[in-house]
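Hello,

Here is the structure I promised to pass on to you. Please have it open while you read, since my notes follow below it.

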Amino acid sequence: MKNQLFDLSGKVAIVTGGNGGIGLGMARGLADAGAAIAVVGRNEAKSSAAVEDLRQRGVKAIAVTTDVTDKAAVATMIARVVKELGRIDILVNNAGMSIRKAPHELELEEWSKVIDTNLTSAFVCSKAAYPALKASGNGKVINIGSMMSIFGASFAAAYAASKGGIVQYTRACATAWASDNIQVNAILPGWIDTDLTKGARQQVSGLHERVLARTPAARWGTTGDFAGIAVFLASPASDFVTGTAIPVDGGYSIMA
Ligand code: NDP
């Protein structure tokens with residue numbers, strides 16, 4: 001018998017940026033717990049491969065090609081998920097990117113691109129999904145922050161601003177939607193081995209060694225490390241947990 005605390009059978013989850021990296025790690029966890037998944041991203045080939053992977057886990061999965069910075073495209077995506085999968089219970093706002101430059105070298109267009117992709121997209125997707133999440137009767141929103149929600153870095157002005165903002169946006173939505181029985185929480189990943197950080201390792205000298213030295217677990221995180229926290233925050237196990245920001249970082253954020 002399945003443990004009902006963590007059972008997502010009959011639930012529908014949207015995972016933005018679910019076609020790779022941390023998003024796919026979370027999507028796999030949600031699928032293994034029984035949820036149908038809508039994978040949202042721009043790269044069709046990557047999304048098709050992710051959908052195939054998820055279907056092999058025995059659940060329904062669809063790809064909805066969408067740029068999450070485009071409000072009209074997001075509205076179309078939400079309507080398509082409701083039409084094809086019937087409902088929305090879980091929204092994971094995971095799509096993200098970074099432009100690594102000193103604050104004084106960052107152009108306004110670059111600043112706006114990072115803020116739009118990492119922070120404004122969460123607002124746009126959450127607002128568009130809200131009616132369906134409310135109708136679900138037990139909606140769950142999971143926003144993805146970062147260690148840059150807590151710390152600063154010389155190369156991460158826009159990124160840190162977006163990830164600090166996502167924590168405060170999480171708290172605001174958690175208070176607003178508690179009466180709808182929608183829980184809204186954030187995950188703060190440590191340093192995780194994905195396409196995003198491959199670029200960082202190349203651009204920021206000494207980063208790889210610094211991460212290993214500072215992380216008590218003495219390793220980079222894997223995308224599989226996000227399956228469990230995603231299931232917890234999407235399932236009845238977390239029904240009295242809202243407005244939190246949970247580090248999944250191998251202890252990075254508690255290291256003196
Ligand atoms: P990846 O680069 O592997 O994944 C980023 C995902 O976001 C891709 O699936 C990409 O899909 C999607 N995406 C980016 N821009 C858009 C857009 N405009 N519209 C739709 N989808 C978009 O990175 P990670 O898996 O590492 O990152 C996932 C999240 O985790 C991000 O929010 C990131 O900031 C955060 N994070 C990552 C950390 C790490 O160490 N890796 C640490 C802390 C936080 P596509 O290209 O198809 O659009």
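What follows is a tour of the rings, the pockets, one helix and a few loop residues. Please keep in mind that this is a predicted model.

**Aromatic pairs**

I began with the rings. Searching the whole structure turns up 4 aromatic pairs. In one of them, Phe123 and Tyr169, the ring centres are 6.5 Å apart and the planes stand at 85 degrees, so the pair is edge-to-face. This contact joins distant parts of the chain, since Phe123 belongs to helix 4 (residues 108–136) and Tyr169 to helix 5 (residues 157–177), with the two positions 46 residues apart. The partners differ in cover: Phe123 has a relative accessible area of 41% and is partly exposed, whereas Tyr169, at 17%, is buried.

Another edge-to-face pair is made by Phe151 and Tyr252, with 6.1 Å from centre to centre and 70 degrees between the planes. Here too distant parts of the chain are linked: Phe151 is in the loop between strand 5 (140–144) and helix 5, and Tyr252 is in the segment after strand 7 (245–248), 101 residues apart. Phe151 is partly exposed, because its relative accessibility of 28% is above the 20% limit for buried residues. Tyr252 has a relative accessible area of 13% and is buried.

**Charges over rings**

Tyr252 has a further partner in Arg214, whose charged end sits over the ring at 4.4 Å from its centre. There is also Arg201, which lies over the face of Trp220, 3.7 Å from the ring centre.

**Pockets**

You may want to look at the pockets next. The volume of the largest pocket is about 950 Å³. It is lined by 41 residues, and those closest to its centre are Asn94, Ala95, Gly96, Met97 and Leu196. Sorted by character, the lining holds 16 nonpolar, 18 polar and 7 charged residues.

Which elements each supply at least two residues of that lining? They are helix 1 (21–32), strand 2 (36–41), helix 4, helix 5 and helix 6 (195–203). Helix 6 gives the most, with 4 residues.

The second largest pocket has a volume of about 180 Å³. Some residues from the ring section come back here: Phe151, Arg214 and Tyr252 are among the lining residues. Met147, Met148, Gly152, Ala153, Phe155, Trp191, Leu207, Arg210 and Val211 also line this pocket. Its lining divides into 9 nonpolar residues, 1 polar and 2 charged.

**Helix 1**

Helix 1 came up above as a contributor to the lining of the largest pocket. Does its length match what is expected, or not? With 12 residues at 1.5 Å a residue, helix 1 should span 16 Å, and the 17 Å between its end C-alpha atoms agrees with that.

Helix 1 is also mostly covered, as 9 of its 12 residues are buried. These are Ile22, Gly23, Leu24, Gly25, Met26, Ala27, Gly29, Leu30 and Ala31. Just after the helix comes Gly34, with a positive phi of about 110 degrees.

**Loop residues**

A few backbone angles are also worth a look. Most residues other than glycine have a negative phi. Asn181, however, has a positive phi near 55 degrees and is not a glycine. Asn181 is in the loop between helix 5 and strand 6 (183–189), and its relative accessibility of 30% makes it partly exposed.

Ala218 is a further case, with a positive phi of about 60 degrees although it is not a glycine. Its place is the loop between helix 7 (207–214) and helix 8 (227–234). Is Ala218 buried or exposed? Its relative accessible area is 51%, so Ala218 counts as exposed, the cut-off being over 50%.

Pro216 is found in the loop between helix 7 and helix 8 as well. With a relative accessible area of 44%, Pro216 is partly exposed. Its C-alpha is 8.8 Å from that of Ile254, while the two residues are 38 apart in sequence.

Happy browsing, and best wishes.

Technical notes. Residues numbered from 1 in each chain as written. Predicted model: local features only at pLDDT ≥ 70, side-chain atom pairs only at ≥ 80, totals over all residues. Heavy atoms only, no water. Phe/Tyr/Trp six-rings, centres within 6.5 Å; stacked < 30°, edge-to-face > 60°. Buried < 20%, exposed > 50% of the residue type's maximum accessible area, 1.4 Å probe, protein only. Lys NZ or Arg CZ within 6 Å of the ring centre and 35° of its normal. 1 Å grid on protein atoms, 1.4 Å probe; cavity = no way out; pocket = protein on both sides within 12 Å on 5 of 7 lines; lining within 4 Å. Points joined across faces, edges and corners; volume = space filled by probe spheres on them. Nonpolar A, V, L, I, M, F, W, Y, C, P; charged D, E, K, R; others polar. Expected span 1.5 Å × (residues − 1).
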